[in-house]
Amino acid sequence: MDRMTVAVLMTVHNRKNSTLRCLTLLYRQTDSLTRTGKYAFEVYLTDDGSTDGTSDAVSERFPDVNIVRGDGSLYWNRGMCAAWDAAAGSSPDFYLWLNDDTMLKPGAVASLLENSTYLGHRAIVAGTAEDRRGNLSYGGRTRYGRIITPDPMIPEACDIFNGNLVLVPDYVYRRLGTLDRIYSHSFGDFDYGVRAAKKDITVVVAPGVLAECDRNESLPEWRNSEVPLKKRYAAITGPKGRPFKEQFIYDFRAYGPLHAVLHFLSLNLKVLFPVK
């Protein structure tokens, strides 16, 4: 029986130490799974214009990593698309999304693959992460964004999911393609879940907590009353904010035109009248 191939997709920018730690934990698991003879792994990493020596450090420590060069304008979503495009040329059986601030717990990759097998390799399988205090931070979510507490034993259905740790079988890729390039940084992962639902593709949360990743709890610049209005609008319309066009497209697809319009108005009000 031929090995099943897994392309690991990553996008990084100026987090060298985090990237190296993430890759170290990843390779501990992939090397073990490779020795079983069932799987083979290839890492495709978009370095989106890092200036902290990330690419050189990765090449030195992990020479097998395929590095895709970005100029700093790709951000997460389009960086993942660039890595995905590079990986698709080898027609792997799976695509594994992994954020470089998401530290895998032992057995995480095996769990994703086992649950994919259980579902006939026709479902998207999302992994759950917790922060250092043990609070759930990223993973599968309900339609309106509430994070789902994973069952310890069986996969559970979800509607949307964070892109920190996600397994996408080739069957799904052939029906949905890559993340939508209309998005720059955010929205692409949630949008993938919305698109999956419209194609009747199953999306589940794998059992248990599979990784550690802290959330950024700081107040967004665009909601901070101490920031001048012009800068608040620059922050919300920037790639890492809530670009109005991208937000509207996602809201329209996920919830319909009325919600999209109301949310657009709501965001503008929050910029005009920020948190004191």
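Start with the whole protein chain on screen: among contacts between residues at least 6 apart in sequence, 72% join residues at least 24 apart. Keep in mind throughout that you are looking at a predicted model.

**The whole chain**

Switch to a cartoon view and you can pick out nine helices and 12 strands. Turn the C-alpha trace along its principal axes and it spans about 60 × 40 × 40 Å. How does the radius of gyration sit with a compact globule? For 276 residues such a globule would come out near 19 Å, and the protein chain has 19 Å, so the two agree.

Now put a surface on. The accessible area of the protein chain is about 13,300 Å², and 52% of that belongs to carbon and sulfur atoms. Underneath, 52% of the 276 residues count as buried. Colour by charge next: there are 34 positive and 32 negative side chains, with the centres of the two sets 5 Å apart.

**Stop one: the cysteines**

Select C158 and show its side chain. C158 is buried, at 9% relative accessible area. Which cysteine has the sulfur closest to that of C158? It is C213, but the gap is 17 Å, too far for a bond.

Move on to C213, which is also a buried residue, with a relative accessible area of 1%. Its closest cysteine sulfur is in C22, and at 9.4 Å this pair is too far apart for a bond as well. A disulfide would need two cysteine sulfur atoms within 2.5 Å. By that rule the model has zero disulfides.

**Stop two: I201 and what surrounds it**

Select I201 in the loop between α6 (188-198) and β12 (203-212). Buried or exposed? I201 is buried, with a relative accessible area of 6%. To see what is around I201, show its contacts beyond the neighbours within four places in sequence: R122, I124, V172, R175, L176 and A196. Draw a distance from I201 to R122 while you are there. These two are 79 residues apart along the chain, yet their C-alpha atoms are separated by 7.4 Å.

**Stop three: two positive phi angles**

Most residues other than glycine have a negative phi. With that in mind, go to Y75, which is not a glycine but has a positive phi of about 60°. Y75 belongs to helix α3, which covers residues 75-88. Its relative accessible area is 27%, so Y75 counts as partly exposed.

Follow the chain on to S91, in the loop between α3 and β4 (94-98). Here is another residue that is not a glycine and has a positive phi, this one about 50°. How accessible is S91? At 45% relative accessibility, S91 counts as partly exposed.

**Last stop: V261 and a long distance**

Finish in helix α9, residues 257-272, by selecting V261. V261 is partly exposed, with 39% relative accessibility. Now add D170 to the selection and draw the line from C-alpha to C-alpha. V261 and D170 are 91 residues apart in sequence and 35 Å apart in space. For a final view, keep that line on screen and bring back the pair I201 and R122, with 7.4 Å between their C-alpha atoms.

Methods: Residues numbered from 1 in each chain as written. Predicted model: local features only at pLDDT ≥ 70, side-chain atom pairs only at ≥ 80, totals over all residues. Heavy atoms only, no water. Helix = DSSP H or I, 4+ residues; strand = E, 2+ residues; numbered from the N terminus. Rg over C-alpha atoms; globule rule 2.2 N^0.38 Å. Buried < 20%, exposed > 50% of the residue type's maximum accessible area, 1.4 Å probe, protein only. Contact = heavy atoms within 4.5 Å. Areas by Shrake-Rupley, 256 points an atom, 1.4 Å probe, with all protein chains shown as cover. Lys, Arg positive; Asp, Glu negative; His and termini not counted. Charge placed at Lys NZ, Arg CZ, Asp CG, Glu CD.
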